[in-house]
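Here are a few short exercises to try with the model open in your viewer. Each one comes with a worked solution.

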Amino acid sequence: MRLHEVVDLATSDAPPDRNTIDEIVGKGRRAQRRRRAGFAGAGAALAVVAVSAAVTLPSVFGGTGQGTVVEAAAPSALTQHAGTATWEYPADPFQFTFGAFEVGRWKVAAPVVASTSYQIASVYLDGRTTNDRSVTEEEAEELARTTDRRGKGGVGYTPEPTIYAYLVLYRPGAFDPAGLAGATTLTVDGKEAYQVSGGAHGGNRRTLAWSYDSDAWAVLSTNSNSEEDPSDADLQEIVAGLKPATATPAKLPFTLDYVPAGYQPVEIGSHAMSGLNGIAAARNGDYGGAIFANPAPATTGLVEPYGGVEGEDVPGSFQIFVVPSANSNQTTGDTTIECGNGFCTHRSADGRTSIQVASGGRLSDAEMTRILQGLRLRNVKDDSTWADAATALVR
């Protein structure tokens with residue numbers, strides 16, 4: 001279950017009585033199994049919990065004080081890039097062209113996801129909390145013990161003020177604002193903009209898209225459990241804070257010696273997994289990931305990142321995950337490569353890093369094994385040793 005799905009649960013009307021906490025947790029685990037099927041029948045005694053691509057069940061249901069809600073981190077703790085006067089659009093799309101910034105109540109982290117069409121950064125809001133890490137089994141069980149059968153807290157229950165937000169910076173021509181259903185047209189900080197509020201899942205679901213450069217759009221997406229916060233004024237304040245920075249290549253903690261014929265890199269995560277799954281688990285401490293697709297998805301006419309807000313697989317794709325072993329129990333525990341149910345996995349020689357290729361059955365076990373055999377791991381703890389994504393992935 002992704003963080004935004006959990007926020008949906010927390011901000012929507014109470015679920016039907018049949019949706020007990022245990023059932024909700026079960027749904028999260030089933031969603032994880034759909035995303036990264038376990039070794040069932042593969043001869044390995046491993047649990048079927050996903051690599052940390054999913055945020056299982058953070059305590060956005062209320063202020064239980066269990067340590068599963070994380071306060072917003074100031075972007076000053078993140079690398080700031082030197083600014084430039086104009087926006088850069090390198091031929092290599094796996095570069096970051098903006099850095100962390102603060103404006104008003106917003107704290108925008110440095111981007112960690114880059115694709116052939118956009119970059120994505122986590123966004124935090126003063127006065128609200130965000131849980132962008134996976135929840136452990138123990139935390140999920142504790143939550144089940146301290147909430148009632150309708151997913152609500154007991155006597156004196158006070159919802160934690162939560163938000164899930166991210167900023168997508170699209171390359172020129174990639175985003176189509178006409179695809180935003182029900183949008184209101186406005187001008188913000190002198191820029192053409194479109195705003196959408198509300199949604200089928202309740203809460204305060206907001207989207208603000210604005211033209212930050214000629215035919216180039218930035219999109220802030222938020223979902224909070226308050227009808228009034230963030231306000232329109234809060235939402236629109238972010239526009240003035242976005243500035244260009246010197247283009248900086250995205251780095252990956254690995255290189256590849258083999259990629260199946262016809263597959264092209266389409267999205268990467270640096271210090272995170274790729275895509276919105278990486279943003280939803282931005283504080284997991286993951287090292288990196290990449291998505292390859294055949295054919296590659298369109299780079300124009302987009303209204304959301306690849307895979308959509310549900311973080312689904314890109315059609316015709318396979319993914320690579322490099323994460324701390326503690327973040328995954330889908331691993332053999334040593335360097336032996338084990339395959340089953342659409343993915344292959346193993347650990348680094350020191351046992352501290354889990355490395356996985358997943359294709360949902362689109363690649364054979366032999367092909368995924370060959371990819372893993374050709375994956376050269378850099379020092380995951382020292383990103384100065386990491387490779388530029390453009391050269392790490394192209395062979």
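**Exercise 1.** Find what the side chain of Arg347 pairs with in a polar contact, and work out whether a salt bridge is there or missing.

*Solution.* Start with the polar contact (N or O atoms within 3.5 Å, one able to donate a hydrogen and the other to accept it; sequence neighbours count only through side-chain atoms on both sides): the side chains of Arg347 and Ser325 are joined by one of 3.5 Å. This is a predicted model, where local features need pLDDT of at least 70, side-chain atom pairs count only at pLDDT 80 or more, and totals for chains, interfaces and linings use all residues. Residues are numbered from 1 along each chain as its sequence is written, and side-chain values use heavy atoms, leaving out hydrogens and water.

Next, check the charge. Arg347 is buried (under 20% relative accessible area, 1.4 Å probe, protein chains only). Arg347 has no salt bridge (a side-chain nitrogen of Lys or Arg within 4 Å of a carboxyl oxygen of Asp or Glu). The nearest side chain of opposite charge, Asp334, sits 8.1 Å away.

Last, place Arg347: strand β18 (a DSSP E run of at least two residues), residues 343-347.

**Exercise 2.** Decide whether Val219 is buried or exposed, then find which residues it touches.

*Solution.* Val219 lies in strand β10, residues 216-224. With a relative accessible area of 4%, Val219 is buried. Beyond four places in sequence, its contacts (heavy atoms within 4.5 Å) include Tyr166, Val168, Phe175 and Leu208. For Val168, 51 residues away along the chain, the C-alpha separation from Val219 is 5.2 Å.

Notes
Helices (H or I, at least four residues) and strands (E, at least two) are DSSP runs, numbered from the N terminus. Buried means under 20% relative accessible area, exposed over 50%, partly exposed in between (1.4 Å probe, protein chains only). Lys and Arg count as positive and Asp and Glu as negative; His and the chain ends are not counted.
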